[in-house]
Amino acid sequence: MPPDPQTQLPPVSEAGLRRELERCRQRLADCHRRMEQMEGFFHHIAEAVFIAEPDGVIVEANPAAVALTGYSVTELKGMRPWDLVVCADKEEIQAHLASATAGEARTVWRTLRCQNGVTKEVSLRLARGHFGGRELVICSCRDVTEQRATQTSLESALREMEDLKEQFQLATHTTPGLIWSAMPDGHVDFLNQRWLSYTGLSMEEAAGWGWAAAVHSDDLLQLEGYWRAMLVSGKAGEMECRLRRHDGVYRWFLFRGVPLHDASGTLVKWYGQTTDIDDRKRAETMLNSEKRMLEMIARGDDLTAVLERLCEMMEEAFPSTLCSILLYEESTQKLWHATSSRLPGALVKAVDGALVGPETGPCGRAVHFQQQIVVADIETDPFGCLYRDAALGSGLRSCWSSPILASNGRVLGTFASYTRKPGWPTPREQRLAEQCAHLASIAIERKQAADDLRASEQRRASAVIEERNRMARDIHDTLAQGFTGVIIQLEAAADARGQHLEDEADRHIARASELARESLAEARRSVRALRPLALETRPLVDALAELFQKMTSGTGVQARLHVEGTPRGLPSGWDENLLRIGQEVLTNTLRHAGATEFETRLTFGAESVQFLLRDNGRGFDPLARHDGFGLVGIHERAGTLGGTVAVEGGPGNGTRVVIVLPCGKNAE
C-alpha cells in the first residue's frame, strides 16, 4: 500500500540529520553534567537522604545517611524504614509513604535506631517524585536529638514556670496580708484578691490611683504625699493610715513599699504589703488611756471626773456604745449613778435608786450574782427589767453590765454598756468593759480609803482634844483645887502662929499635908489613865498583834509578827514605848512606802530586847532631811529607855528599823 501522503514525513537532508544529531549529543552532555551535579549534591548535602521505592525498599543513601545510622550504603540498600525506625509499625510507615505526594513534603518525628544500638531523635521529610522514568520516595533526615532534648527541657521549664506562677498567684491571693505592686511611676498594676475582697473594689476600679478611694479622707492627703516622696527617692518606706472595709468600717493599716532594682540599679518595680494593725493601735490607745487613768487616780483627782473619763474611754473605743457607772449602796441595797456620760436623762432617772436582785435589770443582776450579765435584747429579756420602757424609749436595745469588785471581793458598783442594736458584745468589748470595771474599783477603793483615813484623822483629832479637855478638867478638879487647899491651910497656919496659936497652926499644917497626899494620889491616877488601853488587859505581844491587825485591815499590806525567846515582863514604860514605836513605823509604811509586806520580830534575849520592823516598800534615804517627827520620836523614845536605833534603807529597797534595849548586866 502506498504511504498516506498526510502521514508521510518530509524528506530530511543529510545536513539536517547531522545538525539534529549534534543537538541530541549536546542535550545528552547537559543531562550528564546535571546528573554529575545532582550526584555531587546528593553526596555532599549535610542532611541524611534516603531514596526508596514506593514499597519502602531503600535504593540509595548518601554519606550523611551512613554517618547518621552507622550502616554502610551497601547495608542500607535493601533495608526498609521499619528496620530502622523505633516505635512505629510497618503499616503506619507504609501509610506515610503512600500519603507522600509529588512536590509536597511531609514532616514526621521518629526515633531512629543506629547500627550500634544508639537511638536518635530525627525529623523526616517525605516527598514523592519521578526520576528517570521511575517513581521514588525521597526522605531527608535530620538529627534533632539535642534540639528535642532542649525543647523537652524548655517545655518542662515552661510547665514548671506555669506551676510556679499558679502557686505564686495562689499564695499571693491567699496570703493574709493585702499585697500590691506598682510601676516605677507609682501606677498600681496588681492587687491581690484579699485586697480587692477587703475593700470591695474591682481590679479595674483600684488600678492606677483608684485605690485611693478606699483610704480615709483624713489620711489620704498625707499618704499620697508620702507615696510620691517614696517614688522620687526610690527608697522603701511605711506609713499608718485607715482603710475602708467593704461594709464601710475603717480599720488601721500599715502601708509598706519596697523598690526592686535591676543589675544596673534602675528602678523597675514597686512591691508592697498592707497589714492590718487596728488591734495593735486600739491596744496602744487603751494602754495610754489606762496610764492616764492611773495617773488621775494617783493624783487623787475627783472620783466623778475619773469615772467619767472611764466611760469616755469605752465610748471612744466603741462609738456606738453608751456607758454608765453605778455605785452600790450596801445599807439600802440600791444603785445610784456616779456618772452616766451620754446616757439619756430618762434612763438615768429610771435607773437611779434601782434595787439589787435577780429580776431588776442587768445592773441589779450583776451586783446580785457578782458576775457579768449580758442582755442581748432588752425588749425580749426573759428575766425582766424594771427600766425596760425607759431603755426602749431612749432607743437602747442591749446592755451588758460588769460588777465592780473591791480587792476583798466586796461589790462597789457596776460598769454598764448600752447599744442601740440588739446583739452580744464582742470578746474585745467584754474584755475592755472588765478592764474599765477594774480601773473603776481602784479609783473607788482609793476614794473610800482616803475618806476613811480622813475620818480616822478627824476622830483622832477629836479624841486628842477630848483627852486634853479631860486632862485639863482633872488637873483643875484635882491638882489645882488640891494645891489651892494646901495654900489656904498653910496661910491659916501662918496666921495661927502669928497669934501664937500653936495647936491650931499644927492642925492647919496637918490638914495641908493631907490635902497634898490626896492631890498626889489624884495625879498618879491621872498618869495611869494616860497608859494605852491595849496594855491594860494584855501583854505587849498580844497588844502588838491586835494593833497590826486593826491597822492593816482592808489594806493591801500583809503584817506578820514573830516572837523569839521567852516573853517576860519588861521594865516600866518599855512596853508602852515599844507599842508606840511599832504604831509609828507601821503608820509610815501605810502612808508612804507603798508596801505589800510588813514584818515585825520581837526577840527576848538574856542581855537585851531587840525590836525589828521591816517592809518591802519603796524605801527612802535615812540620811536625807525629812519633814515630820516620826524618826525623831522613835529616837527619843528609844533614848529614854537607854536603847539604840538603826534605820536602814534606800530607794526601792524597803525600810528596816532595829531597836535594841539593853537589860541585865548590859543595862548597868
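Let's start with a rule: a charge sits over a ring if NZ of Lys or CZ of Arg is within 6 Å of the ring centre and within 35 degrees of the ring normal. Lys281 fits that, lying over the face of Trp252 at 4.6 Å from the ring centre. Arg228 does it too, with its charged end over the ring of Trp209, 4.3 Å from the centre.

Quick housekeeping. This is a predicted model, so local features need pLDDT of at least 70 and side-chain atom pairs count only at pLDDT 80 or more, while totals for chains, interfaces and linings use all residues. Residues are numbered from 1 along each chain as its sequence is written, and side-chain values use heavy atoms, with hydrogens and water left out.

Okay, salt bridges. I'm calling it one when a side-chain nitrogen of Lys or Arg is within 4 Å of a carboxyl oxygen of Asp or Glu. How many salt bridges does the structure hold? There are 28. Take Arg251 and Asp279, whose closest N and O atoms are 3.5 Å apart. Arg251 is in strand β10 (residues 250–261) and Asp279 in helix α10 (residues 278–299), so this pair ties together parts that are 28 residues apart in sequence. For helices and strands I use DSSP runs numbered from the N terminus: H or I with at least four residues for a helix, E with at least two for a strand. The Arg251–Asp279 bridge isn't alone, either: Arg251, Asp276, Asp278, Asp279 and Arg282 are linked in a network of salt bridges.

Is Arg251 buried or exposed? Buried, at 18% relative accessibility. The cut-offs there are under 20% relative accessible area for buried, over 50% for exposed, and partly exposed in between, with a 1.4 Å probe and protein chains only.

Now go to Glu599, which is buried at 12%. Glu599 meets Arg601 in a salt bridge at 2.8 Å, N to O, and Arg601 is partly exposed at 25%. Glu599 also bridges to Arg614, this time at 2.7 Å. Arg614 sits in strand β20 (residues 608–615) and Glu599 in strand β19 (residues 597–604), so that pair ties together parts 15 residues apart in sequence. Arg614 comes out partly exposed, at 26%.

On to the rings. Phe, Tyr and Trp rings (the six-membered one for Trp) pair if their centres lie within 6.5 Å; under 30 degrees between planes is stacked, over 60 is edge-to-face, and the rest are tilted. That gives 4 aromatic pairs. One of them is Tyr198 with Phe253, edge-to-face at 5.1 Å centre to centre and 70 degrees between the planes. Tyr198 is in helix α7 (residues 193–199) and Phe253 in strand β10, so the pair ties together parts 55 residues apart. Both are buried: Tyr198 at 13%, Phe253 at 2%.

Trp227 and Trp270 have ring centres 5.3 Å apart and planes at 75 degrees, so they're edge-to-face. With Trp227 in helix α9 (residues 217–233) and Trp270 in strand β11 (residues 267–276), the pair ties together parts 43 residues apart. Both of these tryptophans are buried, and with Trp180 they form one aromatic cluster.

Last stop, Asp381, in the loop between β15 (373–375) and α14 (388–393). Asp381 is buried, at 8%. Which residues is Asp381 in contact with, leaving aside its neighbours within four places in sequence? Arg365, Val375 and Arg388, where contact means heavy atoms within 4.5 Å. With Arg365 there's a side-chain to side-chain polar contact at 3.4 Å. The rule for a polar contact is a pair of N or O atoms within 3.5 Å; within protein, one must be able to donate a hydrogen and the other to accept it, and residues adjacent in sequence count only if both atoms are side-chain atoms.
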